[in-house]
Amino acid sequence: MGTVPFAMEGEDMSDRVRVPSLPECDIHKYELNTTGVTAHYDGKTVKGPWAYMCEGCFTSHGIGLGTGRGQRLYVEGEDMNDKTVRVLIVYPDLPAETKDITAKLKTFQEIVGGYIEGVSPVRGTVRWHAYCNEEGKLQGLPINRIATNIAVAAGWTTTDLLVGPVVFLGDVESDDEEDEGGEADVPQELVDLLDVEHVQYRVEILATNEINWATNQRRFDTIAEAETHARDLYSRWMLVEKASVVPESTPYRQPYVAGEREEVKL
Ligand SMILES: [Zn+2]
C-alpha cells in the first residue's frame, strides 16, 4: 500500500508522512544483510531508486527531505513532534534488548526508573549518548557492569560505574540546528559491544601526603574482587588513605579531587 500524506495545520507536509507501522530499512536488509533495522524515512537514494531507510542509511544514502526527495515516517497516532528511535537497554540483572521507543523524556524516565542523567563519550568515532538514573546510587541500584563496559569501550572516560538500567541512543548529526543534539537510533557498533571482552579493573590508592592516585600491577575481572584487594592493601599498608576502583582505561596518576570518585569503603 502507498503512504498517505497527513496534513497538519500550518505545517509543511512535504517532508513527512503517516504510516500504519514503521517498515524495515531496505539498505540494511538488501545491501548489508541485516534484517529488523527500523526505517524512519522513505526517500530517493543517491543511486536513484526509492527505499525505506533508517536514520544512518538516510544520512549516507538519502538525498534529503521534501517532495520528490524523501519523507520522514510517522506511525499513525504518533505525535509528529515525537520521534521513534531504536535504543539499546542494558539492565544490571536481565538480558539486554534493543527496542523501538518514543524518544520522550517520560519514556526514558520509565526505563531508568526515575530522573535521567546523561552519559556521553569524550573520545571514539561513534557518536552516542546514554541515560541512567540520576539517583541510582542513592537508591542503591545494582552496578551495571555490562553497560559500564560498553560505555568505556565506546569512549566514555570516567572513573564512575553505571548503576541500574541504562538506555543507549545515537546522536543526531545534522546541519539543521534544530535536529542537532537530538535522539537517533543506537549505532550498531554499540550493540555489537554487548559481546565485547569485558573491561578489567584496577585499584587506585591515595597515600598519605600524596596528591595523585597511584596504582599497582594487579588487574581484576570484577569490581568486587578489586574492592577486596583494596581492603587488603589498606589492612597491610599504613599509608593508604583512600582507595578507588577504576576501569583499566582510566589514565594513570590522576590528581585527587575530593568527591570526584566513588571510593571503596575501607
Ligand atoms: Zn539502514
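Me: How many helices and strands make up the secondary structure of the protein chain?
Reply: This is a predicted model, and its chain has 266 residues. Its secondary structure comes to six helices and 13 strands.

Me: What share of the residues of the protein chain count as buried?
Reply: Let's start with how the contacts spread. Among those between residues at least 6 apart in sequence, 55% join residues at least 24 apart. As for burial, the share of the 266 residues that count as buried is 33%.

Me: Which strands stand at the edges of the open sheet of four strands?
Reply: The order in that sheet is β1-β4-β2-β3, and the pairing is mixed. An edge strand has a single partner, so one side of it is left without a neighbour in the sheet. The twist from one strand to the next averages 30 degrees. The edges belong to β1 (16-19) and β3 (50-53).

Me: Which residue in β3 does Y41 stand opposite?
Reply: Y41 falls in strand β2, residues 41-44. Four bridges join β2 to β3, and the two run antiparallel. Across from Y41 in β3 you'll find M53.

Me: What are the edge strands of the β12-β11-β13 sheet?
Reply: This open sheet of three strands is antiparallel, in the order β12-β11-β13. β11 pairs with β12 over two bridges, and with β13 over seven. Each edge strand pairs on one side only, and that describes β12 (214-215) and β13.

Me: Which residue in β12 is the bridge partner of E204?
Reply: Strand β11 covers residues 201-207, and R202 in that stretch stands opposite V246 in β13. E204 looks to β12, with which β11 pairs in the antiparallel sense. Its bridge partner there is T215.

Me: At about what angle does helix α6 run to β13?
Reply: α6 spans residues 223-236 and lies across β11 and β13. Strand β13 itself (residues 240-247) is mostly covered, with six of its eight residues buried. The angle of α6 to β13 is about 165 degrees.

Me: Why is helix α4 said to be largely enclosed by the rest of the structure?
Reply: Take its surroundings: the buried residues of α4 pack against β5 (84-90), β7 (116-119), β8 (128-133), β9 (166-171), α5 (188-192) and β13. Those buried residues include R145, T148, N149 and I150. The helix runs from 145 to 153, and it is called largely enclosed because the number of buried residues among its nine is eight.

Me: Which residue just after α4 takes a positive phi?
Reply: α4 covers residues 145-153, so we look past that end. The phi there is about 105 degrees. The residue is G155.

Me: Which residues have the most contacts inside the largest nonpolar core?
Reply: This core has 30 residues. β5, α3 (105-112), β8, α4 and β9 each give two or more residues to it. Apart from it lies another core of 14 residues, among them V19, C25, A51 and M53. In the largest one, the residues with the most contacts are A130, I150, V167, F168 and L169.

Me: Which residues does V167 touch, not counting residues up to four places away in sequence?
Reply: V167 is one of the residues with the most contacts inside the largest nonpolar core. Leaving out those up to four places away in sequence, its contacts are V87, I89, F108, I111, V112, A130 and Y131.

Me: Within what arc do the buried residues of α3 fall, seen down its axis?
Reply: In α3, F108, I111 and V112 are buried, and what covers them includes β5, β7, β8 and β9. The face turned away carries the exposed residues K106 and E110. The buried residues line one face of the helix, because seen down the axis they fall within an arc of 85 degrees.

Me: Is N33 buried or exposed?
Reply: N33 lies in the loop between α1 (26-31) and β2. Most residues other than glycine have a negative phi. N33 instead has a positive one, near 55 degrees. With 7 C-beta neighbours inside 10 Å, N33 counts as exposed.

Me: Where is R253, which has a positive phi although it is not a glycine?
Reply: Its phi is about 50 degrees. R253 is exposed, with 11 other C-beta atoms within 10 Å. Its place is in the segment after β13.

Conventions:
Residues are numbered from 1 along each chain as its sequence is written. This is a predicted model: local features need pLDDT of at least 70, side-chain atom pairs count only at pLDDT 80 or more; totals for chains, interfaces and linings use all residues. Two strands pair if DSSP finds at least two bridges between them. Axes are lines fitted to C-alpha atoms, for helices over the stretch in contact, and angles run from 0 to 180 degrees between N-to-C directions. A residue is buried if 20 or more other C-beta atoms lie within 10 Å of its own, exposed if 12 or fewer, and partly exposed in between; C-beta atoms are placed from the backbone. Two residues are in contact if their C-beta atoms, placed from the backbone, lie within 7 Å. A nonpolar core is a set of buried Ala, Val, Leu, Ile, Met, Phe, Trp, Tyr and Cys residues joined through C-beta atoms within 7 Å. The arc is that of the directions from the helix axis to the C-beta atoms.
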